[in-house]
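Student: I should like to learn how to read a model of this kind, feature by feature. Could we begin with the sheet and proceed from there?

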Amino acid sequence: MNTLQYLLDDQNLPSGAIWDCDGTLIDNMPVHYDSYVAALDPLGVVFEESKFYELAGVPIFDVIKIVCQEQNKTIDIAAAVAAKHQIYNELKQTGLDPVKPALQLVAKYHKLGIPQGVVSGSGVESVSHSLELFVSHLEGNLSVQDVFTSIVCAEHVTDPKPHPEGFLKAASNINIAPELCYGFEDGKHGITAIESANMKLAVNITTLDGYR
């Protein structure tokens, strides 16, 4: 059974929790999609929303590379990534909200002293901004480091999701065996990574009450 009520029950607590960031802690996936489209459309690259969600968790450079290969398009991928970052940074100023069930669970786990970490396919700068925003919604004037003792970003892994490297590294960093951790994700690549890491439970946050 994998519901918010089940996860909040004191009888079903993990020894550690590892969280994806985009779409799992922060409801920013629509903004990410809009920034991809704005960066790629002028280059003649079509990026369907269904493809975007299919590739959730994959680093930005790899996402653009995959889409261009499928459409036989040759572009300056590094320049497209830079444009995407700039557009996202502009769009996010309109405000992003935390994912409500994630906020409830993170707050409970923190209160109980359960170690928590983050694994993201995004870069350090983007993840840092998102986590600062997320933590600002928790009680107690907490810092990101107070809540998440390990933060693994795209720069910190050799093999991105769906490879389990990031989740295994985060579990090691919080000193909890993967088999005792819950992993939280919103995309299929992330869920595959959690399962490949042999974590105790893979939770698709989008299925929980109050996600949107």
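**Reading the sheet, its helices and its cavities**

Tutor: Let us start from a single pairing: I18 has G117 of strand 2 as its bridge partner. Please keep in mind throughout that the model is predicted.

Student: What does such a pairing rest on in general, and in which sense do strand 1 and strand 2 pair?

Tutor: In general, the strands of a sheet pair through backbone hydrogen bonds, in either a parallel or an antiparallel manner. Here, three bridges link strand 1 and strand 2, and the sense is parallel. Strand 2 also pairs with strand 3, again in the parallel sense and over three bridges. Within that second pairing, V118 stands opposite I151 of strand 3.

Student: How many strands does the open sheet have, and what is their order?

Tutor: There are five strands in the open sheet, ordered 3-2-1-4-5, and their pairing is parallel. Strand 3 (150-152) and strand 5 (201-204) form the edges, each pairing on one side only. From one strand to the next, the twist averages 20°.

Student: How many bridges join strand 4 to strand 5?

Tutor: Strand 4, residues 181-185, is joined to strand 5 by four bridges, and the two run parallel. One residue pair to locate is F184 with its bridge partner V203 in strand 5.

Student: How should I read the side chains along a strand, and which way do those of strand 2 point?

Tutor: The general idea is that side chains in a regular strand alternate between the two faces of the sheet. In strand 2, Q116 and V118 point one way, while G117 and V119 point the other way. Are these four residues buried or exposed? All of them are buried.

Student: Let us turn to the helices. Which strands does helix 9 lie across?

Tutor: To read a helix against a sheet, one asks which strands the helix crosses and at what angle. Helix 9 (residues 165-173) lies across strand 1 (16-19), strand 2 (116-119), strand 3 and strand 4, and runs at about 160° to strand 3. Its buried residues are E165, G166, F167, A170 and A171. Their cover includes strand 1, strand 2, strand 3, strand 4 and helix 10. Just after helix 9, N175 takes a positive phi of about 60°.

Student: Which strands does helix 10 lie across, and which of its residues are buried?

Tutor: Helix 10 (residues 188-196) lies across strand 4 and strand 5, at about 170° to strand 5. H189, G190, I191, A193 and I194 are buried in helix 10. The buried residues of this helix pack against helix 3 (49-54), helix 9, strand 4 and strand 5. N198, just after helix 10, has a positive phi of about 60°.

Student: What of the loops? Why does A177 count as partly exposed?

Tutor: A177 is partly exposed because its relative accessible area is 35%, which falls between the cut-offs of 20% for buried and 50% for exposed. A177 sits in the loop between helix 9 and strand 4. Its C-alpha atom is separated by 9.5 Å from that of K200, with their positions 23 residues apart along the chain.

Student: Where does L142 lie, and what is it in contact with?

Tutor: L142 is found in the loop between helix 7 (124-135) and helix 8 (144-147). With neighbours within four places in sequence left aside, L142 is in contact with H110, V135 and V147. L142 counts as partly exposed because its relative accessibility is 23%.

Student: Finally, how many cavities of 30 Å³ or more are there, and what lines the largest?

Tutor: A cavity is read by its volume, then by its lining. The count comes to two cavities of 30 Å³ or more. The largest cavity holds about 220 Å³ of space. Its lining has 20 residues, and D22, M29, G57, V58 and S122 lie nearest its centre. Helix 2 (29-40) and helix 4 (60-70) each supply at least two residues of this lining, and helix 2 gives the largest share, three residues. By character, the lining of the largest cavity comprises ten nonpolar, five polar and five charged residues.

Student: What is the volume of the second largest cavity?

Tutor: The second largest cavity has a volume of about 90 Å³. It is lined by 14 residues, with V119, S120, V157, P160 and K161 closest to its centre. Seven residues of that lining are nonpolar, five are polar and two are charged.

Note on methods
Residues numbered from 1 in each chain as written. Predicted model: local features only at pLDDT ≥ 70, side-chain atom pairs only at ≥ 80, totals over all residues. Heavy atoms only, no water. Pairing = 2+ DSSP bridges. Axes fitted to C-alpha atoms, helices over the stretch in contact; angles between N-to-C directions. Contact = heavy atoms within 4.5 Å. 1 Å grid on protein atoms, 1.4 Å probe; cavity = no way out; pocket = protein on both sides within 12 Å on 5 of 7 lines; lining within 4 Å. Points joined across faces, edges and corners; volume = space filled by probe spheres on them. Nonpolar A, V, L, I, M, F, W, Y, C, P; charged D, E, K, R; others polar. Buried < 20%, exposed > 50% of the residue type's maximum accessible area, 1.4 Å probe, protein only.
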